[in-house]
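Welcome! Let us take a friendly walk through this chain, beginning with a term that will help along the way.

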Amino acid sequence: QRRFTRLINGIGTLPYSERLDRLKLTTLAERRIRGDLLETFKVVNNKVQYGQNLFKLGRSRRNLLMPRTNSGVNLSRDVSRLNDNFISERVRSYWNNLPKSVREASDVNHFKTSLEYYKKETDTLSHDNFWHISS
């Protein structure tokens, strides 16, 4: 994506973040998080027939919890790093930071709309990257 946006006449020499703004694009990392949140919404709200064991919900059924680990078992660094790439690990902090109104949307389209509204609202307030990830 970075390389491709450099090929566009008139904006190729601008910094990457400015090229994305001008083209109204998001980073690949942000799109991954958005996709993870959409899948999480579908699984948590039983909109799909897969993934029911991926997430552990709190009592309120709003927050995602860390999965239990076997006591006394030390995971190697490699296994620990591998776990960070599972959707249940990648999405937990982002999901738990969403406002209740977004997480409790009535359907997928309402969730998408609420998520976009929240994104614009937080971007306007913080002038920072929506997901607080590298751009």
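When two helices meet, an angle of 65 to 115 degrees between them counts as roughly perpendicular. Keep that range in mind while looking at this structure, which is a predicted model.

**Two helices that cross**

Helix α3 covers residues 28–44 and helix α5 covers residues 87–97. The two pack at an angle of about 90°, and their axes are 9 Å apart. That angle falls in the range above, so α3 and α5 are roughly perpendicular to each other.

Which residues make the contact? From α3 come Arg32, Ile33, Asp36, Leu37, Glu39, Thr40, Phe41 and Val44. From α5 come Ile87, Arg90, Val91, Tyr94 and Trp95. Sorted by character, the residues of this contact are eight nonpolar, one polar and four charged.

**The chain as a whole**

Stepping back, the chain has seven helices and two strands. Starting at the N terminus, the order of the elements is α-α-α-β-β-α-α-α-α.

How much of the chain is buried? Of its 135 residues, 32% are buried. The chain exposes about 9,600 Å², and 49% of that area is supplied by carbon and sulfur atoms. Among contacts with a separation of 6 or more, 51% are between residues 24 or more positions apart.

**Two residues of helix α7**

Helix α7 spans residues 108–126, and threonine 122 lies in it. Lysine 112 is found in α7 too. Here is how their accessibility compares with the classes of burial:

| Residue | Relative accessibility | Class |
|---|---|---|
| Threonine 122 | 18% | buried |
| Lysine 112 | 30% | partly exposed |

The cut-off explains the two classes: buried means under 20% relative accessible area, and exposed means over 50%, with partly exposed in between. Threonine 122, at 18%, therefore counts as buried, while lysine 112, at 30%, is partly exposed.

What lies by the side chain of threonine 122? One of its polar atoms is 3.1 Å from the backbone oxygen of lysine 119.

Lysine 112 offers a link between distant parts of the sequence. Lysine 112 and arginine 34 are 78 residues apart along the chain, yet their C-alpha atoms are separated by 9.0 Å. Setting aside neighbours within four places in sequence, lysine 112 is in contact with Arg34 and Leu38.

Terms used:
Residues numbered from 1 in each chain as written. Predicted model: local features only at pLDDT ≥ 70, side-chain atom pairs only at ≥ 80, totals over all residues. Heavy atoms only, no water. Axes fitted to C-alpha atoms, helices over the stretch in contact; angles between N-to-C directions. Helix = DSSP H or I, 4+ residues; strand = E, 2+ residues; numbered from the N terminus. Parallel < 35°, antiparallel > 145°, perpendicular 65-115°, else oblique. Contact = heavy atoms within 4.5 Å. Nonpolar A, V, L, I, M, F, W, Y, C, P; charged D, E, K, R; others polar. Buried < 20%, exposed > 50% of the residue type's maximum accessible area, 1.4 Å probe, protein only. Areas by Shrake-Rupley, 256 points an atom, 1.4 Å probe, with all protein chains shown as cover. Polar contact = N/O pair within 3.5 Å; in protein donor to acceptor, adjacent residues only side chain to side chain.
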